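Reader: I'm new to this one and I'd like to know what stands behind the labels people use. Can we go through them together?

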Amino acid sequence: MESISVFEIIKVGIGPSSSHTMGPWNAAAAFIRIIKRERSIEEVKEVFLEFFGSLAKTGIGHGTDIAGMLGLNGEDFKTINTSKIDEKIDYIKSTQTINLGGEKVIPFIYGHHLILNMKKSLDFHPNGMIFRAVFEDGTELVQDFYSVGGGFIASQEKNSIQKQCVRTLYPCHKASDIAKYCEKLGFDKISDLIFMNEESWRTQEETRQEALYIWQQIKECIYKGVNKEGILPGGLNVSRRAAGINRKLLGDKIYKNKDEWFQQVVDAEENFTNINKWIACFALAVNEENASFGRIITAPTNGASGVIPAVLMYAQAFTPFTNEDDIVRFLLVAGEIGTLFKKNATISAAMGGCQAEIGVSSAMAAAGLTEILGGSVGQVLMAAEIAMEHHLGLTCDPIKGLVQIPCIERNTMGAMKAITAANIALESDPTKAKVTLDEVILTMWETAQSMSDRFKETSEGGLAIAVNVPEC
C-alpha cells in the first residue's frame with residue numbers, strides 16, 4: 001500500500017470544494033501534461049471536457065465547470081489571484097476561446113466543449129470526468145479521471161496519478177501500525193514517528209517549515225474571514241457571520257494586521273461562552289472564505305476545511321501549548337490520522353457522505369489536540385476514534401449543491417466535537433476502550449457503502465430537497 005505524506009492531506013487549496021473544484025482542476029492540469037507527453041499543445045485543434053455523476057449534479061454550485069476551464073487555461077489554484085477568477089471566466093465565455101495550457105488559444109464554447117452530464121455516471125467513481133483532445137490531423141487523445149476526495153485524482157488505469165509510490169521506513173497504514181512502531185521505537189509521542197517517516201519526502205527541517213507555513217496560511221485565511229462582511233456567492237443569499245462575531249467579541253479594540261488581531265484574541269476575556277463563540281468564529285471564517293473561492297487549507301477536504309484551523313487556533317489562543325513545536329506536532333498527527341481514513345475508507349463525500357469529510361477532519365483535529373495536550377499514544381488514537389464515532393452516518397446534502405448550508409455550520413460542530421473528544425480521551429484509559437480507531441474506520445466505510453446515493457453529494461436527498469430554494 002502506498003504511503004501518503006501528511007502534507008497531501010493538509011495542504012493549500014482553493015474553495016469551494018476539494019473533490020469538485022480542486023480535483024477537476026488537478027485533472028485538467030494532468031491532461032495538459034499528458035498532451036505534452038504524447039504530442040504537443042501546438043497540435044491541438046479542440047479540447048472537450050464532460051463531467052458526470054456527482055460532479056455534474058452539483059457542478060455549478062461547486063464551481064466544477066470553472067475549475068475545469070481554469071485548469072485547461074494553465075492556471076494554478078495555489079498561485080492564482082482569486083479576485084481575478086470571475087474576470088478570467090468571463091473572458092473565456094465571452095471570447096469563446098481558451099488558452100490551452102497557457103500556450104495556444106483555441107475555440108472553446110461553454111455548453112459544447114464543456115458539458116455537465118447529469119443523466120449519466122461513470123462506473124469507477126461518482127466523481128467522473130472525461131477529457132478529449134482533437135488534433136489538427138484528426139486523431140484524438142481521450143483520458144478519464146476521477147476526483148476521489150481531498151483534491152486527489154485517479155484514472156481507471158492508475159489508482160493515483162498524483163505522486164510516485166513512496167514507502168516509508170515504518171509504514172503506518174492502520175492505527176495499530178502507529179501503536180506498534182511507537183512501542184518498538186520507544187516513542188511516547190506519535191509525532192516523533194511521523195517526523196521520521198516524513199523523511200521519505202523531505203528533511204525534518206523542511207517538514208517543520210512546511211507545517212509552520214500551513215499555520216501562517218491558516219491565520220491568514222481566518223483573518224480574511226473575520227474581516228469580510230456581505231453575502232456569499234451562489235444565490236442562497238447566505239450572510240457572512242464570522243465578522244459580526246469577531247466584532248462583538250473584540251468590542252472597540254483596534255488592530256492593523258493578522259498578528260495584532262491574534263494578540264487581541266489571546267488577550268480577550270476568557271470564559272466558556274466566549275471561547276465557544278471564538279471556536280465557531282474561526283471555523284465560520286474559514287468556510288466562508290472557502291465558499292467564496294478563497295484560498296484555504298484543505299484538511300482533508302475543502303468542505304471540512306474549518307475544523308482543524310478552528311481547533312489549532314483554539315489551542316494557540318486559549319491553552320498554554322502555544323509554541324511552534326506544538327503547532328508542528330499538531331499538524332503532523334492530524335495529517336497522519338487523515339491518511340488512515342484515505343487508505344482504509346474514503347475522504348470523499350460523494351463516496352461516503354459528510355462523515356467522510358467533517359467526521360474525518362474532526363478525528364484528525366481531536367488527535368492533533370490530544371497530542372499537544374500531553375496525551376499518550378493510546379489516548380491520541382482514542383480521541384480520533386471518539387470524534388469519528390459521533391459522526392457516523394452523517395449525510396452530505398448541500399442545499400442547491402453549494403458548500404454553504406449545512407456545510408459551513410457543520411465545521412463549527414466538528415471542531416467542538418474534536419475538542420470534546422480530546423478532553424474525554426485525556427481523562428480515559430485507552431486500554432479499556434471497547435472500540436478501536438481501526439474498527440471505527442472500517443465501520444465508517446461499511447456505513448458509507450450502505451448509505452443511499454441520495455445522501456452522497458448529489459443534492460437529491462436530505463436538506464437539499466427538504467428546503468425549497470428557487471433558482472436564481
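Author: Here is a chat about some labels and the values behind them. Keep in mind that this is a predicted model.

Reader: Let's start with cysteines. How do you know that the count comes to zero disulfides?

Author: A disulfide needs two cysteine sulfur atoms within 2.5 Å. For Cys281, the closest cysteine sulfur belongs to Cys221 and is 12 Å away, so that is too far for a bond. Cys407 is in no disulfide either: the nearest cysteine sulfur, in Cys396, is 6.1 Å away. By the rule, the count is zero.

Reader: Why is Cys281 called buried?

Author: Buried means under 20% relative accessible area. Cys281 has 0%, so the label fits. Cys407 comes out at 14%, so Cys407 counts as buried too.

Reader: And what makes Gln96 partly exposed?

Author: The label covers values between the 20% for buried and the 50% for exposed. Gln96 has 40%, so it belongs there. Lys400, at 24%, is likewise partly exposed.

Reader: What is the phi of Gln96, and where does this residue lie?

Author: Its phi is near 55°, a positive value in a residue other than glycine. Most residues other than glycine have a negative phi, so a positive one gets pointed out. Gln96 lies in the loop between helix H6 (85–95) and strand E3 (97–100). Lys400 also has a positive phi, about 60°, and is not a glycine. Lys400 is in the loop between H17 and H18.

Reader: Which peptide bond into Pro300 do you call cis, and what is its omega?

Author: That's the bond from Ala299 to Pro300, with omega near -10°. Pro300 lies in the loop between strand E9 (295–298) and helix H13 (307–318). The bond from Ile405 to Pro406 is cis as well, with omega near 5°. Pro406 is in the loop between helix H17 (377–389) and helix H18 (407–426). Most peptide bonds are trans.

Reader: Now the sheet. Why do E5 and E8 count as standing at the edges?

Author: The five strands form an open sheet in the order E5-E2-E6-E7-E8, with mixed pairing. Strand E5 (114–117) and strand E8 (152–154) each have a single partner strand, so one side of each is left without a neighbour in the sheet. The twist averages 25° from one strand to the next.

Reader: How do you know that E2 and E6 pair?

Author: Pairing takes at least two bridges between the strands. Seven bridges join E2 (residues 44–52) to E6 (residues 128–135), and the two run antiparallel. In one of these, Phe48 has Arg132 of E6 as its bridge partner.

Reader: What does helix H2 touch?

Author: Helix H2 (residues 18–38) packs on the sheet and touches E2, E6, strand E7 (140–149) and E8. Its direction makes about 150° with that of E7. Helix H5 (residues 64–72) packs on the sheet too, touching E2, E5 and E6, at about 155° to the direction of E2.

Reader: Last one: what makes the side chains of E3 alternate?

Author: Ile98 and Leu100 point to one face and are buried, while Thr97 and Asn99 point to the other and are not. Side chains alternate between the two faces in a regular strand. E3 pairs with strand E4 (residues 104–107) in the antiparallel sense over four bridges, and Ile98 stands opposite Ile106. Their hairpin has three residues between the strands, and Gly101 there takes a positive phi near 65°.

Technical notes. Residues numbered from 1 in each chain as written. Predicted model: local features only at pLDDT ≥ 70, side-chain atom pairs only at ≥ 80, totals over all residues. Heavy atoms only, no water. Buried < 20%, exposed > 50% of the residue type's maximum accessible area, 1.4 Å probe, protein only. Axes fitted to C-alpha atoms, helices over the stretch in contact; angles between N-to-C directions. Contact = heavy atoms within 4.5 Å.
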